[in-house]
Amino acid sequence: MTDQRPLLRVRDLTVGFTTAAGRVEVVKRLGFDLARGGALGIVGESGSGKSMTSLAIMGLLPKGAERTGSIELDGTELTTLRERQMQAVRGDRIAMVFQDPLSSLNPYYTVGTQIAEAYRAHRTGVTRRQARKVAIEAMERVHIKDAARRVDHYPHQFSGGMRQRVMIAMTLSMEPDLIIADEPTTALDVTVQAQILDLLAEIRRDTGAGLILITHDLAVVSEVADHIVVMREGDLVEQGTAEQVFSDPRADYTRMLLDAVPRIDDEIGLLRTTATEEPR
Amino acid sequence: MIRFLVNRLLGMAVVLLLVCLFTYVIFFVLSPDPAVQICGKNCTPEAIDRIRANLGLDEPFRTQFWTFLTGLFAGRAYGTGANAIECAAPCLGYSFQTSQPVTDMILQRLPVSATVAVGAAVLWLLAGVAAGLLSAVKEGRFADRFIAGLTLTGMSVPNYVLALSLQFLLVVTLGWLPFPQAVPFAEDPGQWFLNFLMPWTVLSIGAAAVYTRLTRANVIETLQENYVRTARAKGLSPGLVWRRHALRPALTPIVTIFGMDFAGLLGGALITETVFGLNGVGKLAADSITKNDQPVIMGVTLLAAFLVVVGNMVVDLLYTAIDPRVRVGSAT
């Protein structure tokens, strides 16, 4: 009955920093499941700990961060893996798409090199030519036109949306079980945002990969996620199916978040806020 | 690319022309009358006039400067008729002190300066980058702090203090190094190498300290870049992340300042060459300044300016090869 087991099972995940002013916990006893092929949206304001959660899963927390709790991927406990074993998981089984595609791509190498890099790191005995072919195929799958030529271009020669496609192509070459997208559309303009979200949905459908979408934008989550976790200052505020959270939010905070989404019929000049303190 | 090259070459020509003009004004117009200096103690007004005519100093400034410029490219003649002295291009005039052609004086001394510059540059580049990398890897730890202390010392100690102390310590007191003698490389490579060891060290210490700090700062900054995080998220090994994603961006700016520093040094290391008695362009400059030998000072200045401008150009060209944003950015 392996299908009953969730793809990702997070329990009691806590991320803390010890600072001069004492210990600060940016993620507090977080727990959630992601079903095989499911799409989970983690929603929260900046400072809510949602990005730290994704870095904790990847094992890429900044220096000085302490991580406790349990993260199971397909039954494998990730928190006790050695760094070497974790390297084998990163990129191959869990891939990540970051917020700012320009700064997340190395300006010194062609996109082809950067897409193929992961493939060559995880598969032994891959020739340059094979890796290049994989890169071109990955670029075609994210609908970059003229991929065979574009593969030799540098990141600065792509537009913002195209760069994010390149980032997604990078995750695709390995056919990961789980894709974590941390604010993948925040740095893009609105029309391109929709295209990238469609692309993520399409890839999920085609590959059966699980998706964690991290965003502050409720409109974005509503389009993609089937399950939602709402976070605030490191705490889990509410979780449930997308339908339930949107139509019948249980927490006041969620309701405030939903109310803060501007609507077309809003009075001009009136923006509702969540009316909380500035996050530290 | 060709447009870029042409633009750069034109810019270079303009800069050099301006340097020529300024040095010419400073050394020939604003300085004491060269004719008086040449003439010496027992001088008559007639003799001075004769010398002025010979040097072309009786001409208006514009003509003088033009003759100087054409002399650089086509050579010129001093005096007229049978007494005329032909000065072949690039003509920088004759030394007031030794009456030798300045061009020859510089060319004779250039190999020594070049040897000093190349050796020192290799030393400081290797030492600086290596120490900087080590410092970045061990950030905040003992090795990092130790190196920070060393760089501070290296930057603070003046060249001549270091040169004299080393000489006193290694040659006079300990006798580890032989007394410097002018030996050509072909004759005794060992002695030749030992001769240059101290000048190289002295010249490289300050620059090595600067390069250490620069490398450390660049590497630490690059490691914070988002694309380094991407590389790690791809599951690359730490070694690969370092080599491919951190080092190349971090070391690129080093190329820029290295080109300039090296070019500047090729034009002679004034203090070091003087202290160690090396007969290079730097010592020539120092000597001619004390003797107010204007044509020589002018020649050395122009050479230094020329080298820096050329070095700058080479760096720009290198940059287009190293940084794809510069390279393709101008084409598309």
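This is a short walk through a predicted model with chains A and B, covering a sheet, a helix, one whole chain and the contact between the chains.

I'll start with the sheet in chain A. Four strands form an open sheet in the order β2-β1-β4-β5 (chain A), and the pairing is antiparallel. At the edges sit β2 (22-34) and β5 (76-77) of chain A, each of which pairs on one side only. Within the sheet, strand β1 of chain A, residues 8-19, runs antiparallel to strand β4 of chain A, residues 65-73, and 8 bridges join the two. If you want one position to look at, take A:Arg11, whose bridge partner in β4(A) is A:Ser70. A helix also packs on this sheet: α1 of chain A, residues 50-58, which touches β1, β2 and β4 of chain A. The direction of α1(A) makes about 75° with that of β2(A).

Next, helix α10 of chain A, residues 252-260. Which of the residues of α10(A) are buried? They are A:Tyr253, A:Thr254 and A:Leu257. Around the helix axis these three cover an arc of only 100°, so they lie on the same side of α10(A). And what covers them? The cover for the buried residues of α10(A) includes three strands of chain A, β3 (39-43), β9 (227-232) and β10 (235-241). It also includes the helices α8 (218-224) and α9 (242-247) of chain A.

Now chain B as a whole. Chain B has 14 helices and 2 strands. Its C-alpha trace spans about 85 × 65 × 35 Å along the principal axes. The chain has 332 residues, and 33% of them count as buried. On contact order: taking the contacts in chain B with a separation of 6 or more, 64% are between residues 24 or more positions apart.

Last, the contact between the two chains. How many residues does each chain bring to it? Chain A gives 23 residues and chain B gives 20. On the side of chain A that touches chain B, α2 (83-89) and α3 (111-122) of chain A each supply at least two residues. The largest share on that side comes from α3(A), with 4 residues. By residue class, the side of chain A that touches chain B divides into 11 nonpolar, 8 polar and 4 charged residues.

To recap: an open antiparallel sheet in chain A with α1(A) packed on it, a helix α10(A) with its buried residues on the same side, and a contact in which α3(A) gives the largest share of the chain A side. That's what I have.

Notes: Residues numbered from 1 in each chain as written. Chains lettered and ligands numbered in written order. Predicted model: local features only at pLDDT ≥ 70, side-chain atom pairs only at ≥ 80, totals over all residues. Contact = placed C-beta atoms within 7 Å. Nonpolar A, V, L, I, M, F, W, Y, C, P; charged D, E, K, R; others polar. Buried ≥ 20, exposed ≤ 12 C-beta atoms within 10 Å, placed from the backbone. Arc of directions from axis to C-beta. Pairing = 2+ DSSP bridges. Axes fitted to C-alpha atoms, helices over the stretch in contact; angles between N-to-C directions.
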